[in-house]
Amino acid sequence: MTKHFFLSPDRQLLPRWQEAFPEAVAVAIVPADLIHDDSSILWVSTRVPDWRQQLAQQRGDAGIRSVVISGAPDQAEGLQALESGARGYCHAYATPAMLREVAVVVLHGGLWVGPELMARAIRATSAGGIATDLSSEHALAGLTEREREVALAVARGLTNKEVAAALAITERTVKAHLSAIFEKLAVRDRMQLALRMSSDAGAFAP
């Protein structure tokens with residue numbers, strides 16, 4: 001069973017955290033039994049004065065999956081969270097449904113950050129590496145034409161909203177296509193999709 005520990009200075013759980021994870025526990029320090037537990041998540045509030053140090057200290061410990069939660073998320077802080085070893089970065093006041101979605105992604109080895117930060121990271125990772133000729137994209141061979149369009153757009157760093165606008169479809173449809181794309185290409189998230197496509201494009205370029 002997945003356990004959720006919330007590292008906060010006052011050891012208090014917000015009602016939405018409790019609604020998302022009824023068995024969640026508020027802690028002031030990282031529990032020792034969490035270090036080798038790959039089925040649990042440590043949620044770290046940026047209200048903890050030394051949250052970066054707390055994360056950095058646990059970075060080398062196998063099994064720890066951490067998500068930084070911020071009351072006022074921004075790209076600079078998000079990058080600091082990822083550099084400190086976090087697997088996710090999200091709003092502390094996200095809906096319970098969104099928090100549960102974050103947990104699913106992180107527990108499956110994926111990376112969760114806001115759309116702007118994800119777009120920035122993907123662009124930095126794949127700059128110059130994504131081919132524009134669909135026929136030369138080995139990674140796209142098993143996708144439908146629409147899935148290819150969505151995959152290329154996402155790999156270039158577009159958010160779901162931007163993809164929907166560019167392709168004249170709904171965000172819900174974009175999400176459905178992404179689910180199919182992730183399954184067909186055996187990737188966990190948008191970052192892995194960009195890396196997979198960049199790698200294949202380089203390997204099969206003429």
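These are my notebook entries on the fold of this chain and on how helix 2 sits in it.

**Entry 1: the overall layout**

I began with a reminder to myself that this is a predicted model. Counting elements, I found nine helices and five strands in the chain. Going along the sequence, I wrote down the pattern β-α-β-β-α-β-α-β-α-α-α-α-α-α. I then looked up burial: of the 206 residues in the chain, 47% are buried. For contacts with a separation of 6 or more, I noted that 59% join residues 24 or more positions apart.

**Entry 2: the sheet**

In what order do the strands of the sheet lie? I read off 2-1-3-4-5 for an open sheet of five strands, and the pairing is parallel. Strand 2 (25-27) and strand 5 (88-91) are the edge strands, each with pairing on one side only. On average, neighbouring strands of this sheet are turned by 25° against each other, direction ignored.

I zoomed in on one pair, strand 4 and strand 5, and found four bridges in the parallel sense. Val-67 has Gly-88 in strand 5 as its bridge partner.

Next I checked what lies over the strands. Helix 4 (residues 96-107) lies across strand 1, strand 3, strand 4 and strand 5. Against strand 3, helix 4 runs at about 125°.

**Entry 3: the buried side of helix 2**

Which residues of helix 2 are buried? My list has Trp-51, Gln-54, Leu-55 and Gln-58. These four cover an arc of only 95° around the axis, so they are on the same side of helix 2. The spacing rule is handy here: an α-helix has 3.6 residues a turn, so residues three or four places apart point the same way.

I then asked what the buried residues of helix 2 pack against. The partners are strand 1 (4-7), strand 3 (41-45), strand 4 (65-70) and helix 3.

**Entry 4: helix 2 against helix 3**

That last partner deserved its own look. Helix 2 (residues 51-58) and helix 3 (residues 75-83) pack with their axes 9 Å apart, at an angle of about 30°. Angles under 35 degrees count as roughly parallel, so helix 2 is roughly parallel to helix 3.

For the residues that meet, I noted Trp-51, Arg-52 and Leu-55 on the helix 2 side, and Glu-77, Gln-80 and Ala-81 on the helix 3 side. By type, the residues of this contact are three nonpolar, one polar and two charged. Two names turn up in both of my lists for helix 2: Trp-51 and Leu-55 are buried and also meet helix 3.

Methods. Residues are numbered from 1 along each chain as its sequence is written. This is a predicted model: local features need pLDDT of at least 70, side-chain atom pairs count only at pLDDT 80 or more; totals for chains, interfaces and linings use all residues. Side-chain values use heavy atoms; hydrogens and water are left out. Axes are lines fitted to C-alpha atoms, for helices over the stretch in contact, and angles run from 0 to 180 degrees between N-to-C directions. Angles under 35 degrees count as roughly parallel, over 145 as roughly antiparallel, 65 to 115 as roughly perpendicular and the rest as oblique. Contact means heavy atoms within 4.5 Å. Ala, Val, Leu, Ile, Met, Phe, Trp, Tyr, Cys and Pro count as nonpolar, Asp, Glu, Lys and Arg as charged, and the others, Gly among them, as polar. Buried means under 20% relative accessible area, exposed over 50%, partly exposed in between (1.4 Å probe, protein chains only). The arc is that of the directions from the helix axis to the C-beta atoms. Two strands pair if DSSP finds at least two bridges between them.
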